[in-house]
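Open the model in a viewer with residue selection and cartoon display switched on. The stops below are meant to be selected one after another.

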Amino acid sequence: MWRGVIDEYRERLPIEEGVQAVTLGEGNTPLVEAPRVADQIGFGGRLLLKYEGLNPTASFKDRGMTVAISVAAASGCEAVICASTGNTSASGAAYAARAGMKAIVIIPEGRIALGKLSQALAHGATVVSIDGNFDQAMKVVTELTRRCNVVVVNSINPYRIQGQKTAAFEICDVLGAGVVTSRPRMMGFQAAGADPIVRGRVIENPETVATAIRIGNPASWKTAEAARDQSGGIIESVTDEEILVAYSMLASGEGVFVEPASAASLAGLRKVCDAGGIEDTATVVCTLTGHGLKDPATATHESPEPISARADAAEIIRLLKL
């Protein structure tokens, strides 16, 4: 029986003995073979999709949040806070509710997908919408943690990062020792309108259809660069158009529905394949960070409208040319 990532990987996480896991059964997400999409992008190797949208609040954030909230609860903390464009707010609110704690969420006004905002509200979080972007919301959160008795659960919280790495543990467990004995090459992709690491400077007003990565000054900037350099990998950008093409490929080609930010990994792989930058003997895992229902507006916008017809089988046969 799966017990959540803390109890499954406690010996690999910085959690003191006796700390009780605040869990919703996160982790153990599927690794889906994707031969059709691999063929579509011209990749001859083995392509797998780590479908993190099947976590309890439908994003990979749950892996880190269970660790951050568990440690905060064990310390006697009564309230947590985060800045968010969506997934962190949903996850933080859910795990705080599970622990009986208060959750405060600072969001950029009009810059959060409805599916994510509705989750935070449903879980009882106090949501404050500010006139500014994510980076400005993060500055507010940082100041509040200095002045008030609250614990920040954004990725500047070291326990968040520790929990999130359990996705890699699961990938290695499934693929076996052959992967463990060689260092994987880490490839990261930012949206072209929100690509500070690629440009080497903060983006003051980031813009992209991929709301979850619409961030101009990411908290894990230096660690992302370190992972790239240590693994001989890359960090590049992909356009919104490339993201949306990959988004559609995943949904219609493999039946895997993700939010736009998740499709950046496949968009990046497609770009690398086009440039001849990866061997056809390679095994590639694309991490898909959040479920498509997080952003229903994009799904309806990018899809054709339903066909209107009378409740008559003959007419439907005629319309569909069956």
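Start by selecting I81, which stands opposite I104 in β4. This is a predicted model.

**The four-stranded sheet**

Extend the selection to strand β3 (residues 79-83) and strand β4 (residues 102-108), which pair in the parallel sense over 5 bridges. Now add the rest of the sheet: it is open, has 4 strands in the order β5-β4-β3-β6, and its pairing is parallel. At its edges are β5 (126-130) and β6 (151-152), each of which pairs on one side only. Next select residues 134-147, helix α6, which packs on this sheet and touches β3, β4, β5 and β6. The direction of α6 makes about 155° with that of β3.

**A buried arginine**

Move to helix α3 (residues 61-74) and pick out R63 in it. Is R63 buried or exposed? With a relative accessible area of 0%, under the 20% cut-off, R63 is therefore buried. Show side chains here: those of R63 and E52 are joined by a polar contact of 2.5 Å.

**The three-stranded sheet**

Select β1, β2 and β9, which form an open sheet of 3 strands in the order β1-β2-β9, with mixed pairing. β1 (31-33) and β9 (283-288) each have a single partner strand, so one side of each has no neighbour in the sheet. From one strand to the next, the twist averages 30°. Zoom in on strand β2 (residues 46-51), which pairs with β9 in the parallel sense over 6 bridges. Within this pair, Y51 has L288 in β9 as its bridge partner. Keep the sheet on screen and add α13, which packs on the sheet and touches β2 and β9. The direction of α13 makes about 145° with that of β9.

**Helix α13 and its surroundings**

Stay on α13 and colour it by accessibility. How many of its 11 residues are buried? The count is 8, so α13 is mostly covered by the cut-off of under 20% relative accessible area. The buried residues are A264, S265, L266, A267, G268, L269, V272 and C273. To see what covers them, display the elements that include α2 (35-40), β2, β7, β8, α12 and β9. Just beyond the helix, select G276, which follows α13 and has a positive phi, near 70°.

**The α12 and α13 crossing**

Of the covering elements, take helix α12 (residues 240-254) next and view it together with helix α13 (residues 264-274): their axes come within 8 Å and cross at roughly 105°. At that angle, α12 and α13 are therefore roughly perpendicular to each other. For the contact itself, select E242, I243, V245, A246, M249 and L250 in α12, which meet A264, L266, A267, R270 and K271 in α13. Sorted by type, the residues of this contact comprise 8 nonpolar, no polar and 3 charged.

**Strands β7 and β8**

Finish with two more of the elements that cover α13, β7 and β8. Strand β7 (residues 187-191) pairs with β8 in the parallel sense over 5 bridges. One of the positions to label is A191, whose bridge partner in β8 is V238. Why is strand β8 (residues 234-238) largely enclosed by the rest of the structure? Of its 5 residues, 4 are buried, so β8 is largely enclosed.

Note on methods
Residues numbered from 1 in each chain as written. Predicted model: local features only at pLDDT ≥ 70, side-chain atom pairs only at ≥ 80, totals over all residues. Heavy atoms only, no water. Axes fitted to C-alpha atoms, helices over the stretch in contact; angles between N-to-C directions. Parallel < 35°, antiparallel > 145°, perpendicular 65-115°, else oblique. Contact = heavy atoms within 4.5 Å. Nonpolar A, V, L, I, M, F, W, Y, C, P; charged D, E, K, R; others polar. Buried < 20%, exposed > 50% of the residue type's maximum accessible area, 1.4 Å probe, protein only. Polar contact = N/O pair within 3.5 Å; in protein donor to acceptor, adjacent residues only side chain to side chain. Pairing = 2+ DSSP bridges.
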